[in-house]
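Student: Could you give me a close look at the largest pocket and the residues around it? I'd like the cut-offs along the way.

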Amino acid sequence: MTLIRRGEFGEARARLSVQDPVRDIQNRDLTLEGWADLVAAEGAWAEAAAVVAEARDWADRTGLRFLPAVADRLEGQAALAAGDHERAVRSLAAARDHFAGLEVPWERARTELWLGEAYLAAGDPAEAATAARSALETFRALGAQVEVERAAALVAQASERTGSA
């Protein structure tokens with residue numbers, strides 16, 4: 001996750017690709033989350049469906065409650081990249097709601113940024129601003145400056161389109 005955040009995608013991909021039987025069982029959820037984040041960060045959308053399917057399968061087999069939201073988010077991100085704005089909004093809203101229910105504000109806010117972008121692309125700047133403002137509040141509270149800047153820019157962009165400040 002740290003390598004992905006730093007933009008060191010090649011190194012992240014190399015580490016995630018290492019076959020480790022212990023990690024594949026004990027930490028497979030974290031590995032799948034890492035793959036989902038890497039696919040989204042790289043824009044490697046051709047890989048998204050396989051990661052989504054594997055995450056859903058592992059969640060079904062283990063009862064892990066976090067992974068379906070990771071799968072929904074990646075599915076929404078890929079739909080947004082493909083121009084399927086309705087599907088993007090549906091999947092990202094489901095992921096946001098799931099993360100909120102699990103009380104993981106960082107993941108909810110990260111998802112709200114994508115959801116805001118999906119709403120904007122779908123022609124709903126008011127909903128985009130609402131999602132971005134929620135993310136902005138969380139990121140400010142967490143001191144996540146990079147995300148604060150991204151959320152603030154999305155709020156401004158959405159506000160311009162609605163004609164509000």
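**The largest pocket and its neighbourhood**

Tutor: Sixteen, written as 16, is the count of residues lining the largest pocket, and nearest its centre lie Ile 4, Arg 5, Arg 110, Glu 147 and Arg 150. Bear in mind that this is a predicted model, where local features need pLDDT of at least 70 and side-chain atom pairs count only at pLDDT 80 or more, while totals for chains, interfaces and linings use all residues. Numbering starts from 1 along each chain as its sequence is written, and side-chain values use heavy atoms, with hydrogens and water left out.

A pocket here is an open set of points on a 1 Å grid over the protein atoms alone, where a 1.4 Å probe fits, with protein on both sides within 12 Å along at least five of seven lines; a lining residue has an atom within 4 Å of a point. The volume comes to about 500 Å³ for the largest pocket, counted as the space filled by probe spheres set on points joined across faces, edges and corners.

Who builds the wall? Helix H1 (2-6), helix H4 (28-42), H8 and helix H10 (145-162) each give two or more residues to the lining of the largest pocket, and H8 gives the most, with 5. Helices are DSSP runs (H or I, at least four residues), numbered from the N terminus. By character, the lining of the largest pocket splits into 8 nonpolar, 1 polar and 7 charged residues; Ala, Val, Leu, Ile, Met, Phe, Trp, Tyr, Cys and Pro count as nonpolar, Asp, Glu, Lys and Arg as charged, and the others, Gly among them, as polar.

Two of the arginines nearest the centre of the largest pocket, Arg 110 and Arg 150, have partners worth a look. The side chains of Arg 110 and Glu 107 share a polar contact of 2.8 Å, meaning a pair of N or O atoms within 3.5 Å; within protein, one must be able to donate a hydrogen and the other to accept it, and residues adjacent in sequence count only if both atoms are side-chain atoms. Glu 107 is in helix H8, and at 9% relative accessibility it counts as buried (under 20% relative accessible area; exposed is over 50%, partly exposed in between, with a 1.4 Å probe and protein chains only). As for Arg 150, its charged end sits over the ring of Trp 114, 5.4 Å from the ring centre; the test is CZ of Arg or NZ of Lys within 6 Å of that centre and within 35 degrees of the ring normal.

Next door, so to speak, there's the second largest pocket, at about 190 Å³. Its lining takes at least two residues each from H1, helix H2 (9-17) and H4, and Ile 4 is one of the residues there. The split is 6 nonpolar, 3 polar and 2 charged.

Back to the aromatics: the structure holds 2 aromatic pairs (Phe, Tyr or Trp rings, the six-membered one for Trp, with centres within 6.5 Å; planes under 30 degrees apart are stacked, over 60 edge-to-face, the rest tilted). In one, Phe 66 and Phe 99 have ring centres 5.3 Å apart and planes at 55 degrees, so this pair is tilted. Phe 66 is in the loop between helix H5 (48-62) and helix H6 (67-81), and Phe 99 in helix H7 (residues 85-101). The other pair, Trp 106 with Phe 139, is edge-to-face at 5.4 Å and 75 degrees. Trp 106 belongs to helix H8 (residues 105-121) and Phe 139 to helix H9 (residues 125-142), so the pair ties together parts 33 residues apart in sequence. Trp 106 is partly exposed at 29%, whereas Phe 139 is buried at 0%.
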